[in-house]
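Today I am looking at how parts of this model touch each other. Here it is, so we can go through it together.

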Amino acid sequence: MHDDEFRQAVRAWLTENVGAELRGAGGPGREHEAYRERLAFNRRLAAAGWTCLGWPVEHGGRGATLAQQVAFHEEYARAGAPARVGYLGEELLGPTLIAYGTPAQRRRFLPGIRAVEQLWCQGYSEPGAGSDLAAVATRARLVGDEWVIDGQKVWTSLAHVAHWCFLLARTESAGTGPRHSGLSYLLVPMRQPGITVRPIRQLTGTSEFNEVFFDGARTSRDMVVGEVGQGWRVAMGTLAFERGAATLGQQVGFQRELDRLVALARQTGVAGEPQLRDLLARAAVGLWALRAHTLRTMAEADQAGPGQGASAVKLLWSRWHQQLGEVAMRVRGASGTVARDAPYELDDWQRLFLFARADTIYGGSDEIQRGIIAERVLGLPRQARG
Amino acid sequence: MHDDEFRQAVRAWLTENVGAELRGAGGPGREHEAYRERLAFNRRLAAAGWTCLGWPVEHGGRGATLAQQVAFHEEYARAGAPARVGYLGEELLGPTLIAYGTPAQRRRFLPGIRAVEQLWCQGYSEPGAGSDLAAVATRARLVGDEWVIDGQKVWTSLAHVAHWCFLLARTESAGTGPRHSGLSYLLVPMRQPGITVRPIRQLTGTSEFNEVFFDGARTSRDMVVGEVGQGWRVAMGTLAFERGAATLGQQVGFQRELDRLVALARQTGVAGEPQLRDLLARAAVGLWALRAHTLRTMAEADQAGPGQGASAVKLLWSRWHQQLGEVAMRVRGASGTVARDAPYELDDWQRLFLFARADTIYGGSDEIQRGIIAERVLGLPRQARG
Amino acid sequence: MKLTPSAEQDQFAAALHAMLTEADIPTVARQWAADNPAPGQVVWRRLAELGVTGLAVPARWGGLAAHPADVVVACEVLGHHALPGPAAESIAALPMLLTTLGDDALCESWLPRLASGEVIGTLAVAPHVPYATDADVVSLVLRADEQTLRLGAPGPRLRSVDDTRRLVEVADGALLATGPAVGPAVAHALNAGALACAAQLLGAGHALLETTLRYAGQRTQFDQPIGQFQAVKHLLADVAIGLEFARPLLYAAAVALADHPSTAARDISAAKVACADAAQRAARTALQVHGAIGYARESGLGSWLTKVWALARTWGTQSFHRDRIRTALAAGELT
Amino acid sequence: MKLTPSAEQDQFAAALHAMLTEADIPTVARQWAADNPAPGQVVWRRLAELGVTGLAVPARWGGLAAHPADVVVACEVLGHHALPGPAAESIAALPMLLTTLGDDALCESWLPRLASGEVIGTLAVAPHVPYATDADVVSLVLRADEQTLRLGAPGPRLRSVDDTRRLVEVADGALLATGPAVGPAVAHALNAGALACAAQLLGAGHALLETTLRYAGQRTQFDQPIGQFQAVKHLLADVAIGLEFARPLLYAAAVALADHPSTAARDISAAKVACADAAQRAARTALQVHGAIGYARESGLGSWLTKVWALARTWGTQSFHRDRIRTALAAGELT
């Protein structure tokens, strides 16, 4: 299909299927919103063949070109389609299984991901392992033909609805080698007696994140991805998967936020304030730069494989989004601190302001990203990190 | 003398003695300006009894109160009196000798400092020891009754006109103790065959700084201040001397700069630009805060001895001054890059812009100051520094 | 100029601090938010016993007639503990409003009871204080504009992002005063409220810094306490500097409120801007250093974060106060 | 959209880079500043041999009729080496001015000679380019405003803070063109000059980053290379990010200049602002990391520092370009 036709087809399907009740639902800080409706919508999306576009055809994908993936994500964002409930499977686990999984693992799990029938959660972070993932302490030991898992994960998004979890666990004692050796990448069914999920109540009053306690939880021996003890390599591979196409979709969402903010500023009259105008203009230019940079990075990746730009992009969009949150609060002025009446719930701008602060934390904090750029891109000497 | 009378007396003397040719001459980045005239002026100042005000009377000072010292420095700045050529002796070495020197050293050197007859330069920095003063490598060894000194100092302001240098030199091999042990604080005559002074040509085309090479330079055995091997403690004591009164004078100078910049902005019409007005307003408030903070610190020091605020003050004024330089370049607009015609010389605003950049470097860089605040004031764990 | 707290002020602050530490304000605040103001009202009675509620009330109406710097000292401690209740309103703005208005009957009705703690009061002043904080749980609600002062009739409660701040719309009640004296009294009350609010912000900022310092000393990543990383050190040093430099502006503004009416508005704006900036920097850094745990309600960081968010935007936004400073600059007053 | 350099552009840049590295530009620049432009003129002839001077000249006048992105590629390398001479003027602005004006006689007089390198040209355009750079050492000096294009008569030399930039006041010379076609041609030339200037800034910023990275790897303090300190790493990472994000805006602006006249002004302003901000951040950080040594002329850092200072303020100040962006935003063009 030609790229333009592809885009038309996406748009047509979305126009028909995104109802008003779904528009804009979900997303960071709002994963609790309209969850059932989003799940149903995502399953319809899958049935229509609009999931896992970039996966190779032999693995159930459509082998879509980069341009087509971009078109999909842009149209998806433009239509205000709801945040996908299956993105962890589609964007992280699926590509990981395609790259490192056994044929049996792929056969077993890829169809469920594609159809949004099996939902996954990610078990990386622990109370003692946030920025420092190599400090993972959850242990897994082989007992007969099963891994038995003990430990605790935290900040596990949507764990209460997930069927399975992909996680990092320590399968060998740390010993004297590098701190990240001895970890394995395991697939663990969530609905079993050894697992307890406890929601974390957030500042916003909502709780999309969870603590997950593993207390003798079990999974069969063949549920390890890659080799035993090589989980670090597999997990880092997952983090490195190029998210260019989805990033452009994210930017379309940012543009919508900015447009709405400009409209609000005009409506309330504050758009006339020179400083606010300057802030809005800077935000607009910042977004052009993000978009131009993403397109450029993708073009380079097409030519020469994935680049080193992920840390820089993460830093830039997270700062941009934080600043937009602050500008939004300036536009709102004194009324910016009144929440919707009941239940205690933030409006979109308040949520943006509060949640964008997390943008510089999750997925690797600002400090970690700058360290990565300095050491891996600029070649400055590494710090001793054990 | 009552504080107000004292202030009147200072003002009267300055009104009579600061000629137009002296006004505003000298200062960081401009130590070369009108040097002879400033020296002559400073000697007149001394003859009139206006130097070393805060020193105890038994050491040749006037034992002036803090309020009187403040009045002096404020009036001095307000009169546009030229930067003092003897401040290193008056503010650093003098108090050091009073605190740590032998009676013989005090008798020998304090009168020359007070009269601005003997000029001093400071030999701390070395090519390999900038922020890290403990890395001083210049060596001094005892040969008979003399110290023989070999090494190199750098960024030595006014070395080409100084009669003496107070410096840090390594008198014992570093060994395994703390890196700053084994340093001694020596007084060395500058005009001798073993010393070569080479000016460093700066970006501005001027050269107030020098490299000083010590090649078998000599000073007599009793020219060590404090105990041999305790030079670090003496030098750090020097750095800690409360400069509150002079700081207020510096702030009067800043206020003059800001006033002139506001006047320039009005004159060129750019004061009407809302963003520039905001920047100027922020600068004004920043200066109130500096002043209020200094007064508060001095009041506290009066009650309870010197506080921990020096690092914070250094950070704040250096950032404030840098920002003023950037605002100045905005006020100047496109014409801001044209230098005075001949010789290659910057105007006041250009010099401010360029030299204020050094404000966050000399006297302990921004990075060092923030580390000091984090570790000594906030009590965060120290970094291993050998 | 009186820029450092006196020994008496230090003792007063220490006593207040000890009382609030013992009172377990985080629990009290949760109850206050959940429509159970009784434990909070008990704490407010203790404030009255310590004299806090009477600081800004003249002696003839049963108060302590203290210097505005004393109010600042007290409000900083209240902010440090994130105490619920209309502190800037009841302790600072209302006494200033009634005193400046100078209507003896009104003063006699309310000031002695505000001072004694029998009454907690609140106030809405359009446009800077659009809602009356906690109007549904206190017994005196006023509503002022430039021309009139009225009793306020509490309407529906709105939720603040800081859920311990009960925001209430107020309708006009009985007219209490009108005429040319009202405008200046209201302006003066706004200044007093903004100053008290700035003091609370500074206190909250310090509490955030302290909490974050403790966390940075305990939390390890990469086998060392995160407080040992230079990046974390520098973030926290900048927070400390921001707070340290805001405090003298706060005290200078208190002095101006008492003694330099011509510069009081400008100086209070400078203090509010500096304290709000410093507190917001403390809040940003607290979240960044805590990482995700800072978002969890149970971390307890939240009360201060949302308190700072809310206080920075009431009693005049940053834009409003910056504008007052710019206006003063343009009038040639500053330089 | 053409956002990444093609293989040909990469090769072209590499050849130019090699030539300039070999030519020892720091020495050439010192001579240029000291009234000895001959070595610099030799380098400019080599630029012509490589085709740089003909990039923006149409084929019929002996040029390469290249895309503005090619000019950007070349100017970035020139900025990287801090080459003296009126690059934005002679390579970008003048060809654009004459070509857009479309007066065949003028084109024929000058364009072939600019392309061949026989002539280096410069230009003053009030108010954004008040002086004609290097007018006393080149053979074509023009002076334009919105109504007229004239030859310029070089007057006294002013010194720039960047002493390799010879700023010359120009008086009116012979009238070359007047009428309604001049205004748009001058506007177009200003855009082309600003774009070339932005490219030079980006190149200078990269050179500063590279120099600083080298220094940070070599210089030790506290027994470790200073590049190992987290504070230094983060400063340099921010520089790298600033430069990396300015580049796509630069290429997008080049595309707009060629293909999207309606957004060219806006896009070029965005590129100029971003490149100047990024380069100035690189300059600040270079000085901060070098410490005092950065101020010494012999460190060699100075040429880039003052070049960035000067270029960030010509072809439109940051205020001017931000204002153009704001105007576009207000016109509803952006969002």
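**Interface notes**

I started with a side-chain pair: A:Glu74 and A:Arg291 form a salt bridge, N to O at 3.0 Å (a side-chain nitrogen of Lys or Arg within 4 Å of a carboxyl oxygen of Asp or Glu). Across the interface of domain 1 and domain 3 of chain A, the rule finds one salt bridge. On the side of domain 1 of chain A that touches domain 3 of chain A, I noted four nonpolar, four polar and four charged residues (Ala, Val, Leu, Ile, Met, Phe, Trp, Tyr, Cys and Pro count as nonpolar, Asp, Glu, Lys and Arg as charged, and the others, Gly among them, as polar).

A word on the source: this is a predicted model, where local features need pLDDT of at least 70 and side-chain atom pairs count only at pLDDT 80 or more, while totals for chains, interfaces and linings use all residues. Residues are numbered from 1 along each chain as written, chains are lettered from A and ligands numbered from 1 in written order, and side-chain values use heavy atoms, without hydrogens and water.

Next I looked up the buried area (accessible area, 1.4 Å probe, lost by two parts on being put together, summed over both). Domain 1 and domain 3 of chain A bury about 1100 Å² between them, with 65% of it on carbon and sulfur atoms.

Then I turned to chain C and chain D, which bury about 320 Å² between them, 52% of it on carbon and sulfur atoms. Chain C's side of this interface with chain D has two nonpolar, two polar and no charged residues. I found zero salt bridges between chain C and chain D.
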